[in-house]
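Reader: I would like a close look at a single part of this model, with the details kept in order. Please take the sheet and say what surrounds it in the description.

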Amino acid sequence: MKFLELNKKRHATKHFNDKAVDPKDVRMAIEIATLAPSAHNSQPWKFVVVRERNADLAEIAFNANQEQVKEAPVTIALFTDTDLAQRARKIARTAGIKNMSEEKLQYYMQNLPTKYSHYTEQQKSDYLALNAGLVAMNLVLALTDQGISSNIILGFDKLKVNQVLDIDKRFRPELLITVGYSDAKLDPSYRLPVDEIIEKR
């Protein structure tokens with residue numbers, strides 16, 4: 001599918017039918033999503049695929065989002081890793097000497113952890129939010145490419161989600177993405193003309 005067509009087919013879907021979503025399709029979409037760029041190639045994301053505990057997750061969603069989470073056959077909870085130094089070292093350990101030069105290994109094992117140690121809480125928060133946005137967009141496009149509908153949700157209680165899903169507090173909740181199939185015919189959202197958002201200097 002051409003990229004323009006793919007983007008035109010992606011819509012925020014808030015109502016899903018009863019058709020099940022194949023776990024292999026979800027895994028494939030996540031695998032594609034992780035090809036997204038990330039700052040320093042840190043890949044600080046964690047995906048929690050929720051099927052059995054959607055009702056529990058719905059309880060901490062806000063307002064209209066509750067029904068959407070209950071109805072969706074799958075919800076993907078996107079977390080980011082707040083221990084950036086450990087994440088960098090994990091990349092080095094996983095890649096190993098077969099996939100990285102000695103210089104690159106040093107970068108992930110020493111240089112990046114040192115850099116992260118100087119981040120303020122705001123800098124870390126901005127860093128994690130940026131990377132979450134990049135991978136989330138890739139994920140919904142990967143789902144769309146498979147004919148699967150989705151919606152990104154920000155409205156949920158981030159203070160409770162780790163406990164509900166039994167996720168270590170090291171991981172920061174960022175988004176919920178409801179996933180499924182829909183019979184709804186969705187109209188495209190209005191987009192500002194591109195000339196309205198470009199300035200030349």
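Reader: At which residues does UniProt place the feature "domain: Nitroreductase"? From there, how is the sheet put together?

Author: This is a predicted model. UniProt, in an unreviewed entry, places the feature "domain: Nitroreductase" at residues 8-181. Helix makes up 50% of that span and strand 17%, and the C-alpha atoms at its two ends are 17 Å apart.

Now the sheet. It is open and consists of 4 strands, in the order β1-β2-β4-β3, with antiparallel pairing. The edge positions belong to β1 (45-50) and β3 (149-153); each has a single partner strand, so one side of each has no neighbour in the sheet. From one strand to the next, the twist averages 25°. In general terms, strands of a sheet pair through backbone hydrogen bonds, and the pairing may be parallel or antiparallel.

Within this order, β2 (residues 74-81) and β4 (residues 171-180) run antiparallel and are joined by 8 bridges. One position can be named on each strand: Asp-81 stands opposite Phe-171 in β4.

The largest pocket completes the description. Its space comes to about 300 Å³. The lining is formed by 14 residues, and those nearest the centre of the pocket are Lys-9, His-11, Thr-13, Gly-147 and Ser-149. Of these, Ser-149 is also a link to the sheet, as β3 covers 149-153. Sorted by class, the lining holds 7 polar, 4 nonpolar and 3 charged residues.

Methods: Residues are numbered from 1 along each chain as its sequence is written. This is a predicted model: local features need pLDDT of at least 70, side-chain atom pairs count only at pLDDT 80 or more; totals for chains, interfaces and linings use all residues. Side-chain values use heavy atoms; hydrogens and water are left out. UniProt positions are given in the numbering used here, feature names are shortened, and annotations may be inferred rather than shown by experiment. On a 1 Å grid over the protein atoms alone, a cavity is a set of points where a 1.4 Å probe fits but cannot get out, and a pocket is an open set with protein on both sides within 12 Å along at least five of seven lines; lining residues have an atom within 4 Å of a point. Grid points are joined across faces, edges and corners, and a volume is the space filled by probe spheres set on the points. Ala, Val, Leu, Ile, Met, Phe, Trp, Tyr, Cys and Pro count as nonpolar, Asp, Glu, Lys and Arg as charged, and the others, Gly among them, as polar. Two strands pair if DSSP finds at least two bridges between them. Axes are lines fitted to C-alpha atoms, for helices over the stretch in contact, and angles run from 0 to 180 degrees between N-to-C directions.
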